[in-house]
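Got your viewer open and a selection box ready? Let's take a short walk through the model, one selection at a time.

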Amino acid sequence: MATRADVARMAGVSPSVVSYVINKGPRPVSREAGARVAAAIEALDYRPNAIASALRGGSTKSIGLLMPSPVNPYFAELADAIERKLFEAGNLLSIGIIDDDAARERIHLRSLIDRRVDGIILTSSRALRSLSEAQDDVPPVVVIDRLETSRRVSSVHSENVLDSAYAVEHLQSWGHSVIACITGPRPIPVSAERMRGWSEQQARMGFPNGAHLVAHAEFSTRGGAEAAHTLLARGGRAATEPGGRPTAVFVTSDAQAHGVLHACDELGLRVPQDLSIVSFDGTQSARFTRPPLTAMRQPIPEMGATAARVLLEMVADPSRPPQTAVFRSNLVLGGSCAPPPEA
């Protein structure tokens with residue numbers, strides 16, 4: 001494997017000049033010497049040691065991303081948007097799958113920091129607790145979630161409460177009043193926010209919004225299916241309360257909604273004739289369910305690109321103040337809504 005000294009020898013310059021060319025400074029190099037160094041690097045297929053460069057105060061041109069699951073279509077599309085933006089800027093992305101496991105999360109964070117990544121993108125504000133254990137080693141961070149902390153961290157997130165209320169209002173416009181809510185696990189902020197949007201919109205219309213209409217589940221197909229069985233099965237929690245079984249359900253992620261559709265098939269419920277569904281995310285997969293899901297579509301490509309851009313700006317200028325970008329979702333009509341059966 002070629003070394004910096006080999007490049008310097010071939011180019012007829014000192015190793016310091018090779019370093020100046022690679023790092024674009026701190027001292028100028030003549031055009032002729034720079035051309036010889038570039039030619040030697042190509043001829044020898046020289047690859048600088050990025051971590052060694054970082055230890056000398058340089059950049060590794062690498063960014064870390066922690067995400068719960070690559071199977072959830074929302075996180076898959078988000079990672080794709082982030083990677084594209086970083087690649088355009090000459091950066092590589094390292095992904096750690098934490099599977100909502102605090103121990104895995106700490107190991108991945110420590111590994112990213114030890115490998116001197118230039119910055120880290122987190123898809124949950126909960127990971128900030130693990131980052132706090134790293135003290136002063138932490139690089140710039142962007143969180144794709146609402147922050148309730150004074151820590152100097154930038155964030156990107158959706159307007160979950162308002163957009164969830166709008167989704168529920170759409171179900172109400174079809175004539176539904178007994179509307180259930182399948183949300184994410186406690187104590188994830190996005191779970192609470194989207195459930196709050198459901199609850200406030202139901203209360204606004206004088207419709208039921210009690211705990212018997214709510215099921216918490218992991219953001220997965222299995223979680224959605226299990227929650228649907230809990231709420232909707234004959235003798236299920238929601239079906240035995242006053243008002244009867246819900247005629248509609250607001251589901252806080254597309255991944256869960258896939259499971260709800262599967263559970264409805266098992267329970268003999270037709271969508272939308274017996275049960276209407278509106279989900280949150282609006283990923284590409286929502287278009288290919290049967291029936292296609294009506295969903296609040298988050299601008300996932302824009303959110304991912306913004307997170308990457310903000311982080312790179314912080315890497316370039318560590319003194320830059322934290323930024324917050326809030327995105328609104330839009331309702332995409334599918335075939336999963338209809339009037340309630342009694343209508």
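The stops below go from a strand and its neighbours to the nonpolar cores and then to a pair of rings. Bear in mind that this is a predicted model.

**Stop 1: strand β9.** Select residues 276-281, which make up β9. Is this strand mostly covered or not? Mostly covered: six of its six residues are buried. Colour the two faces separately if you like. Ser276, Val278 and Phe280 lie on one side, with Ile277, Ser279 and Asp281 on the other, and both faces are covered.

**Stop 2: the neighbouring strands.** Add residues 248-251, strand β8. β8 and β9 run parallel and are joined by four bridges. To see where they line up, pick Ala248, whose bridge partner in β9 is Ser276. Now add residues 294-297, strand β10. Here too four bridges make the link, and β9 and β10 run parallel. Click on Phe280 and look across to β10: the bridge partner there is Met296.

**Stop 3: the crossover.** Show helix α11, residues 254-267, along with β8 and β9. Together these elements form a right-handed β-α-β unit.

**Stop 4: a charge over a ring.** Keep Phe280 on screen and add Arg194 as sticks. The charged end of Arg194 sits over the Phe280 ring, 3.9 Å from the ring's centre.

**Stop 5: the largest nonpolar core.** Which residues touch the most other members of this 37-residue core? Select Ile182, Trp198, Val249, Phe250, Val260 and Ile277. Several elements feed in at least two residues each, among them α8 (160-173), β6 (179-183), α10 (221-232), and the now familiar β8, α11 and β9. Zoom in on Ile182 next: leaving aside residues up to four places away in sequence, its contacts include Ala215, Leu231, Val249, Phe250 and Val260. As background, nonpolar side chains tend to be buried together in soluble globular proteins.

**Stop 6: a second core.** There is also a separate core of 22 residues. To find your way in, select Met67, Ala79, Ile144 and Val156, which are included in it.

**Stop 7: the aromatic pair.** A search of the whole structure turns up one aromatic pair. Select Tyr74 and Phe75: their ring centres are 5.0 Å apart and the planes meet at 65°, so the pair is edge-to-face. Are these two residues buried or exposed? Tyr74 counts as buried because its relative accessibility is 11%, and Phe75, at 12%, is buried too.

Methods: Residues numbered from 1 in each chain as written. Predicted model: local features only at pLDDT ≥ 70, side-chain atom pairs only at ≥ 80, totals over all residues. Heavy atoms only, no water. Phe/Tyr/Trp six-rings, centres within 6.5 Å; stacked < 30°, edge-to-face > 60°. Buried < 20%, exposed > 50% of the residue type's maximum accessible area, 1.4 Å probe, protein only. Lys NZ or Arg CZ within 6 Å of the ring centre and 35° of its normal. Pairing = 2+ DSSP bridges. Right-handed = clockwise from strand over helix to strand, strands pointing away. Core = buried A, V, L, I, M, F, W, Y, C linked by side-chain atoms within 4.5 Å. Contact = heavy atoms within 4.5 Å.
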